[in-house]
Amino acid sequence: MIDQELKRCLGQMMKGVQVVGAVHEGTARAYCSHWVCQVSFGAPILMASVSPKHDTHPLIVGSGRFTVSILAADQIGAAQYFSYPGRKFHHIAEELLVVEGTRVGVPDSIAWLDCEVLDRLRELPGAGPLDHDLFFARVTSVESGRLGEPPLLYSSRLGWRATGDKAREPGVSIRDKLLARLEASGATDEVD
C-alpha cells in the first residue's frame, strides 16, 4: 500500500490527458490516460503506462500498435467517458471514437499519434513487478488537429483542468537575467 503522504504529493502532479486506443482482430477499444509521455527528442518515442486489467491492453499486445489522441480542454466529456471501462456503458458512445484501419482515436482532438510498440516492461530491476505495463513506442505517423487549443490536464488531487494563462510574464526571462549578471561579473558562460 502506498504511503498516504506520498500519494497526496504525487497527486499534485499535473499531466496532459490523452485517449489511447487500439484495434486488433476487428475489436477496437480506448481508455483515458494521463500517463503517456515523450521520452526522447532524438527519436519520436513515447511511453504509455497501461493496466493489464484494461480491455485495451490485450489489443495493444496483440496488434503491437496504439493511437494517442491528445485531448483539448473542451473534450472533458470524451475524457470522462473513456475514464470508465467501456463495457460499463456497453460501448454506447460510438460517436466518441473513430476507427480507421489501425488508427483508433477521438474526433477533433488536438492531434493523433499513431504508434508502433518497440518494447514492453512489466517489472523494473530493484522494484519488481509493476501494476501497469510500460509500452515504449515509436510514433509512425501524426495528424495535427486543433493545435491552437488549450490541452486538457488532470491531477488526482485537483481533478480536471484546462490550461490557463502563461506562467511567465512576456519579455521576462530568468535566463536573460542570469546571462546579464554573468556578463556584468566579467565571467564567461564557458564551463571549466
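This note sets out, point by point, the main features of a predicted model of a protein.

1. Overall make-up. The protein has 192 residues, of which 35% are buried. Its secondary structure amounts to 4 helices and 12 strands. The C-alpha trace extends over about 65 × 40 × 35 Å along the principal axes. The accessible surface is about 12,100 Å², and carbon and sulfur atoms account for 55% of that area. Of the contacts between residues at least 6 apart in sequence, 66% connect residues at least 24 apart.

2. The sheet. An open sheet is built from 7 strands, which follow the order β3-β2-β6-β9-β10-β5-β4 with antiparallel pairing. At its edges lie β3 (27–33) and β4 (36–38), each of which pairs on one side only. On average, and with direction ignored, neighbouring strands in this sheet are turned by 30° against each other. As background, strands of a sheet pair through backbone hydrogen bonds, in either a parallel or an antiparallel manner.

3. The pairing of β6 with β9. These two strands, β6 and β9, are joined in the antiparallel sense over 6 bridges. Within this part of the model, S69 has W112 of β9 as its bridge partner. A helix also packs on the sheet: α3 touches β2 (18–24) and β3, and the direction of α3 makes about 110° with that of β3.

4. A salt bridge between β6 and β9. The model contains 8 salt bridges. One of them brings together the side chains of R65 and E116, at 3.9 Å from N to O. Because R65 belongs to strand β6 (residues 65–70) and E116 to strand β9 (residues 111–124), this pair ties together parts that are 51 residues apart in sequence. E116 is classed as partly exposed, since its relative accessibility is 34%.

5. A salt bridge between two loops. R146 and D74 also form a salt bridge, with their closest N and O atoms 2.8 Å apart. The pair links distant parts of the chain, 72 residues apart: R146 sits in the loop between β10 (128–144) and β11 (152–155), and D74 in the loop between β6 and α3 (76–83). As to accessibility, R146 is partly exposed at 24%, whereas D74 counts as exposed at 51%.

6. A salt bridge between β9 and β10. The side chains of R120 and D133 meet at 2.9 Å, N to O, in a further salt bridge. Since R120 is part of strand β9 and D133 part of strand β10, the pair ties together parts that are 13 residues apart in sequence. The two partners fall into separate classes: R120 is partly exposed at 25% relative accessibility, while D133 is buried, with a relative accessible area of 3%. Elsewhere, E100, R103, D114 and E143 are joined into one network by salt bridges that share partners.

7. The surroundings of H57. This residue, H57, is located in helix α2 (residues 57–63). H57 has a relative accessible area of 7%, and because buried means under 20%, it is classed as buried. With neighbours within four places in sequence left aside, the contacts of H57 are V50, S51, P52, R120, D133 and F135. Two of these contacts, R120 and D133, are the salt-bridge partners described in the preceding point.

8. A nonpolar patch. I2, L6, L10 and M13 make a nonpolar patch of about 340 Å² on the surface. One of its members, I2, is found in the segment before α1 (4–10). I2 is partly exposed, its relative accessible area being 38%.

9. An exposed glycine. G164 is placed in the loop between β12 (159–162) and α4 (174–185). With a relative accessible area of 65%, G164 is exposed. Its C-alpha atom is 23 Å from that of V68, and the two residues are 96 places apart in sequence.

Note on methods. Residues numbered from 1 in each chain as written. Predicted model: local features only at pLDDT ≥ 70, side-chain atom pairs only at ≥ 80, totals over all residues. Heavy atoms only, no water. Salt bridge = Lys/Arg side-chain N within 4 Å of Asp/Glu carboxyl O. Buried < 20%, exposed > 50% of the residue type's maximum accessible area, 1.4 Å probe, protein only. Pairing = 2+ DSSP bridges. Axes fitted to C-alpha atoms, helices over the stretch in contact; angles between N-to-C directions. Contact = heavy atoms within 4.5 Å. Areas by Shrake-Rupley, 256 points an atom, 1.4 Å probe, with all protein chains shown as cover. Patch = residues over 30% accessible without salt bridge, like charges linked within 9 Å, V, L, I, M, F, W, Y side chains within 5 Å.
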